[in-house]
Amino acid sequence: MSDNGPRVLVVDDERAIRRFLRASLAAHGFNVSEAANGLEALSGAAETRPDLVILDLGLPDIDGIEVTRRLREWSQTPIIILSVRDQENDKISALDAGADDYLTKPFGVGELLARIRVALRHSLPASQEPVFKTGDMQVDLGRRQVMVGNAEVSLTPTEYDLLRVLIQKAGRVLTHRQLLQQVWGAGYENESHLLRVNISNLRRKLEPDPSQPRYVLTEPGVGYRFKTDE
Amino acid sequence: MTENTAAIAGSVRPEPGEAPRPRGLLKIFLGYAPGVGKTRAMLDVARQMKSQGSQVLAAILDTQAGAGLEDLDLQPPALVEHRGEYYPEIDLDAVLSRRPQIALVSDLAHTNTPGLRHLKRYLDVQELLEAGIDVFATLNIQHVESLVDAVRQITGLAIRDTLPDQILDQADEIELCDLPPDELVARFQAGQVGNSADKSFFREGNLMALREMTLRKAAEWVDRRMRSYMQTEAISGPWPVRERVMVAISAHPVSERLVRAARRLADDLNAEWFAVYIETPDRLRFASAHSDQVSRTLKLAEELGAQIVILQGQSIPETMVEFARRNNITKIVAGKPLRPRWYELLRGSLIDDIVRLSGNIDIYIISDPAGPLEPVIPASWKPHGNYRRYIFSLLLVLLTTLISFPIHLAIEPTNLVMLYLLAVLFAAVTLGRGPALLASLVSVLAFDFFFVEPRLTMDVTDTQYLITFLGLFVAGLVVSSLASLLRDQVEASRRRESQTAALYALGRDLAVAVGMEAILEAIIGHISQTLNRDVVILLDEKDNLRQRAASPEFSLQYEELSAAGWVYTHSQEAGRGTNTLPDLSVRLVPLRTPRGVIGVLGVKPEDPNFYLTPEQRRLLEGFASLAALAIERAVLAEEASQAKVLSATEKLQTALLNSISHDMRTPISTITGVLSSLRDTESPGNALPGLDSATRVDLLESAWEEADRLNRYIGNLLDMTRLEAGALKISREPYEFQDIVGATLAQMSARLAGRPVKTGIPAELPMVSVDFVLIQQVLINLLDNSVKNSEPGTPVEINARPDGDQVVVQIADRGSGIPEQDLERIFDKFYRAQRLEESGGTGLGLSICRGIVEAHGGRIWAENRTGGGAVLSLSLPVDREAWRSDNE
């Protein structure tokens, strides 16, 4: 355990989960503090200024969505939501309220660590690197050029914008609403068919096998995630 | 008297909250006029009862009784507003809720102010009696229904407030309150009774007559009591041959007098009596004003204790006498309107016919100065009112003449008469009596003018043609009368038939209706169609009477609903056309079954001036009893099916418990086992040798797999519960099926490791309209099933193809396949095909798939593959928008 490691605040009312997370994360060099309910979480976040918050949705006092909203009023600390299955709507609300990612219980520690890494990287100042690479795909954000292998792929302006938003948040989930808002603009939040059609076109143009996508993954009922090699 | 009152006091009822009290006893204090001391006598008895410990409550007392009531409990009367005035009435609900043992009521015959629950005070009293409360009531003789006419003739007073004789007859006790008439007159003159306006009433002659009526009535009552006592005690006596009285009524106003007279006669003879109305084709033509009068008279007769009979027949006297003979009637009461002598000579009179036919039956005739009843014929009923019919009949004759003209030289002119007869017959059948008469007259003239020598004149040379003319005319007359009679009869029988047919049609529809909703719909449809009324049905649901079905845009108002509640608890009709709450616009009929009242049927006429005719009332009763039985049948069926569901649920619970105990414990034991062995080897100071790293990985791997399985199992149980509870919400949106497959495969990557997965999804496949998460769950369960039932390393295929407005998806494996007999059953809950051992199935996954797919309106089925393995297929609905635009 290192005092210099990233500070993580674990918020969960189940002692067993907190104990297991503390042990697992500490073993990977994180500096873990705990909160058992929403109010403790808010005061804990103010005191310890964590680098990342792992937040359970079902808290005994105020629910996780509200905690996210209040945290976001003053902090940009990445938040990873822990939820149980069948809380799709709550998950989306939390993501729309400003949470960065989510994980469904039960989960493996490896998966959690990957999400934490992505979230922490995004919290750093955005990289100035104009060229994004993953697998055999390469996107030159300066020249709006997309290459798969050695061939240039021609995308419509909307498809390109969609791809740009996805890769700027690569590794993180983006809700339907967030994507629609950022690509089409305010007022289009419910036009999910636009999104589906463009995602489908993107996959057809970028994916080697569109039925088993490697890059643009569907998060059932929630949104999409651009998968990086990491 | 003391003994009698003690008898009532002895029947003191149990306290409220105990078993329901039996019906209360009614004691009537009967007097012949106001001021004879009825109220005083009643109060004396009441005080006496009170001193013996009974709870006495004055429900309503004469204002004149004013002073000296301080020692009695008074229920303040309800003040009811009517046209700006306030009238004191019994506060029935207050009295009922106070539940005294004895209630005191003045003026039993009083007519309640409009707006109260009951039309008459005696009906309030009936309700008190039913609630087990004894009632003391006062009554003046002039209000007794059967005496109303006599009272009017003696005193000139028209009595408005009347009391059915039955109420008096059925009183448990009558106490006669008597005062010699001269004393009463003295009291009146001293100003102790009545006011100066009553001077003509308080004459000694009047009072003596009324007193005699009272004494006779009381004596009759005692006599009847004695007889019934002797009969019940089987004491034989000189019982006279049983008399039976019948009164024939019509729409004539005299009928009400006839009914009262018959009642008195029947009373004197202690006879059973019948009020009979005979429906003839002629009478059917009478307007509804007449039939309303008839129903009123019949109702009066019913109140007076008669049995009501409605007969159909051609001739009134014949039908009447035939009924009388069949029912051993000994005396007939009939009315006789005064008619001019010439009329009777010409047409005869009904009375004469009855007298002639009646044989040994006595006939009592009551005459009335009012003339005979003119049939009021509504415009729509006038068969001859239409002048076009007459023009048609003239045209018919013209046509006949035109046809006859070319052939008249070839045949005998007398034979042409046959053609004219034909025309008259035709006119009689199609146009009615009047046009037929005209046709026969014109035929005679036309025949004479055109075909009888000398032609084109009205002269007749051969006198034998006069016989032809006469024959033609008379034949026309007879034929047209017969034809129109036939039409009337057909009309009458058609109406009767239509009622029978209406009942039959409802019965038939109810027999085939499945489920409560269909039954209610059938009832409402039939009744509203047949009676031309809005219909509502209220049923008892969890001890709450609730409107269950109604004609479109019809529902009961608040007060009608509370009236329905009354109908339900009392099992009696109420509302329009009845004695209880007659001001309502609906008529409410209880739905009775052998098990008790199950609801209330309400009908409301579209035209507020329409009342039900007696036959419609009977039809409504018929409908109500059919409806009640059908509804009860549906209720019983629902109960039975609930019981069935319950037993199926029990079976399912057993299966669920077995499943939980097995399927949850197995993975938990593995996990616990692995963890315990790791803890034991890791804990300091253990004696066991450390596990090598390969073993540890192996152990952890199996614990991980079991935990994963446990998680899936719990997910399935949750899904199942949601499906069962109907709590599964499907939010459909159009998706590329490929997208769902992609997400599924990503999630299943660990489970599918080492297996080639082939997908065959055409790019042009239309979008499907589904719930993404749920269909993904279906695919996961199906793939999981394939993995479980085939060897590791064998391929799994996912194919999709469009099929009309559906997409058919197939998940195929190369496993052992499914035994033929299990193909249908593998989607049943907790069903596990007998296949690979340790397949680890829970018997839930596939049944969840079926639940979800069927909730989407799709289908799921299983087949075996040629070459080994199973194919599980499902169909999903195509997104209609997308499909349509694709197909245009």
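Q: What makes two strands of this predicted model count as paired?
A: Two strands pair if DSSP finds at least two bridges between them. In chain B, four bridges join strand β6 (residues 102-105) to strand β7 (residues 134-140). Four bridges meet the requirement of at least two, so β6(B) and β7(B) are a pair, and they run parallel. One of the bridges can be named by its residues: Ala103(B) has Val135(B) as its partner in β7(B).

Q: Why are β3 and β8 of chain B called edge strands?
A: Happily, the strand order helps here. The open sheet has six strands in chain B, ordered β3-β2-β6-β7-β1-β8, with parallel pairing. Both β3 (73-74) and β8 (173-176) of chain B pair on one side only, and that makes them the edge strands.

Q: What packs on this sheet, and which strands of chain B are touched by helix α2?
A: Helix α2 (residues 38-51) of chain B packs there, touching β1 (26-31), β2 (56-60), β6, β7 and β8 of chain B. Its direction makes about 165° with that of β7(B). Helix α4 (residues 121-130) of chain B also packs on the sheet, touching β1, β6 and β7 of chain B, and its direction makes about 160° with that of β7(B).

Q: How do you know that Val109(A) is partly exposed?
A: Count its neighbours: 14 other C-beta atoms lie within 10 Å of Val109(A). Buried would need 20 or more and exposed 12 or fewer, so 14 falls in between and Val109(A) is partly exposed. The residue belongs to helix α5 (residues 109-123) of chain A. Phe20(A) is 89 residues from Val109(A) in sequence, yet their C-alpha atoms are 9.7 Å apart in space.

Q: What makes β6 and β7 of chain A a pair, and in which sense do they run?
A: Strand β6 (residues 131-134) and strand β7 (residues 137-140) of chain A share four bridges in the antiparallel sense. The cut-off is at least two bridges, so the two strands pair. Thr134(A) stands opposite Met137(A) in β7(A). The hairpin has two residues between its strands, and Gly135(A) takes a positive phi near 55° there.

Q: How is the packing of α12(B) on α14(B) described?
A: Helix α12 (residues 316-326) and helix α14 (residues 350-358) of chain B pack at an angle of about 35°, with axes 9 Å apart. The crossing is right-handed. Among the residues that meet are Ile316(B) and Met320(B) in α12(B), and Leu350(B) and Ile354(B) in α14(B).

Q: How many residues of that contact are nonpolar?
A: Seven are nonpolar, alongside one polar and two charged.

Technical notes
Residues numbered from 1 in each chain as written. Chains lettered and ligands numbered in written order. Predicted model: local features only at pLDDT ≥ 70, side-chain atom pairs only at ≥ 80, totals over all residues. Contact = placed C-beta atoms within 7 Å. Axes fitted to C-alpha atoms, helices over the stretch in contact; angles between N-to-C directions. Left-handed = near helix turned anticlockwise from the far one by under 90°. Nonpolar A, V, L, I, M, F, W, Y, C, P; charged D, E, K, R; others polar.
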